Amino acid sequence: MDSEQPPDRPDLTKEWAAQSENLSTRERVYAVAIQLHVPTRVRTVAERADVSPETAREYLRWFAEIGLVTLEAESPDLFRRNEAYFEWRRVQRLRAKPAEELRRELASLTDRERDYQEQFDADAPDDVDALEHADYADLETVWEDLQEWRTVRRRIHELEQARQSRESDGNAPASA
């Protein structure tokens, strides 16, 4: 069996290495930090970012000060991506959109959520037993639908936060 990749398949390792060559030390540690979905040791971050552990620790502590990551444990230091920070950033970006665009997107997503509620006869994706809605062969499709439904709900929550935040700041839209 030939272990070489076909010529049309991308080599992700080489692409990552080429991209990271052009990144600063801070950018490489940042690129790794935003992927820390589980508590991760400094040494692991250093290896992934191709920096010394001391450098990784310095940046990770700085990222923790600004809220990008959280320090989950000490001795050894374990850092994790701070999901609340990224939600806050997404809401701040949404606030910059025109109010009408926020309302249109919110209405569209609310319609999609109603469609999912009707499709699965449930109020939320976590209330759905995938096996009740698919044969074994179709389970993956149901799981994908449920994951998409979760994404729709998260997006609705963030849009609503952005809309309410804009209105509380005095950026309320003119009454229709």
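This report describes a small sheet and a pair of helices in a predicted model.

## The sheet and its order

Three strands make up an open sheet, arranged in the order β1-β3-β2 with antiparallel pairing. Strands β1 and β2 are the edge strands, since each of them pairs on one side only.

Strand β1 covers residues 40-41 and is joined to β3 in the antiparallel sense over 2 bridges. Within this pairing, R41 has L78 of β3 as its bridge partner.

## The hairpin of β2 and β3

Strand β2 (residues 69-73) and strand β3 (residues 78-81) also run in the antiparallel sense, and 4 bridges link them. A73 lies opposite L78 in β3. L78 is also the residue that partners R41.

The two strands β2 and β3 form a hairpin, with 4 residues between them. One residue of the turn, S75, has a positive phi of about 55°.

## The two faces of β3

In a regular strand, side chains alternate between the two faces of the sheet. Which residues of β3 point to each face, and which are buried? F79 and R81 point to one face and are buried. L78 and R80 point to the other face and are not buried.

## The crossing of α5 and α7

Helix α5 spans residues 83-95, and helix α7 spans residues 139-168. Their axes come within 8 Å and cross at roughly 60°. Because an angle of 65 to 115 degrees would be needed to count as roughly perpendicular, and one under 35 degrees to count as roughly parallel, α5 is described as oblique to α7. The crossing of α5 with α7 is right-handed.

## Residues where the helices meet

On the α5 side, the residues in contact with α7 are E87, R90, V91, L94 and R95. On the α7 side, they meet R154, R155, H157, E158, L159, Q161, A162, S165 and R166. Sorted by class, this contact of α5 with α7 contains 4 nonpolar, 3 polar and 7 charged residues. V91 and L94 in α5, together with L159 and A162 in α7, are the nonpolar residues.

Definitions and conventions
Residues numbered from 1 in each chain as written. Predicted model: local features only at pLDDT ≥ 70, side-chain atom pairs only at ≥ 80, totals over all residues. Heavy atoms only, no water. Axes fitted to C-alpha atoms, helices over the stretch in contact; angles between N-to-C directions. Parallel < 35°, antiparallel > 145°, perpendicular 65-115°, else oblique. Left-handed = near helix turned anticlockwise from the far one by under 90°. Contact = heavy atoms within 4.5 Å. Pairing = 2+ DSSP bridges. Buried < 20%, exposed > 50% of the residue type's maximum accessible area, 1.4 Å probe, protein only.
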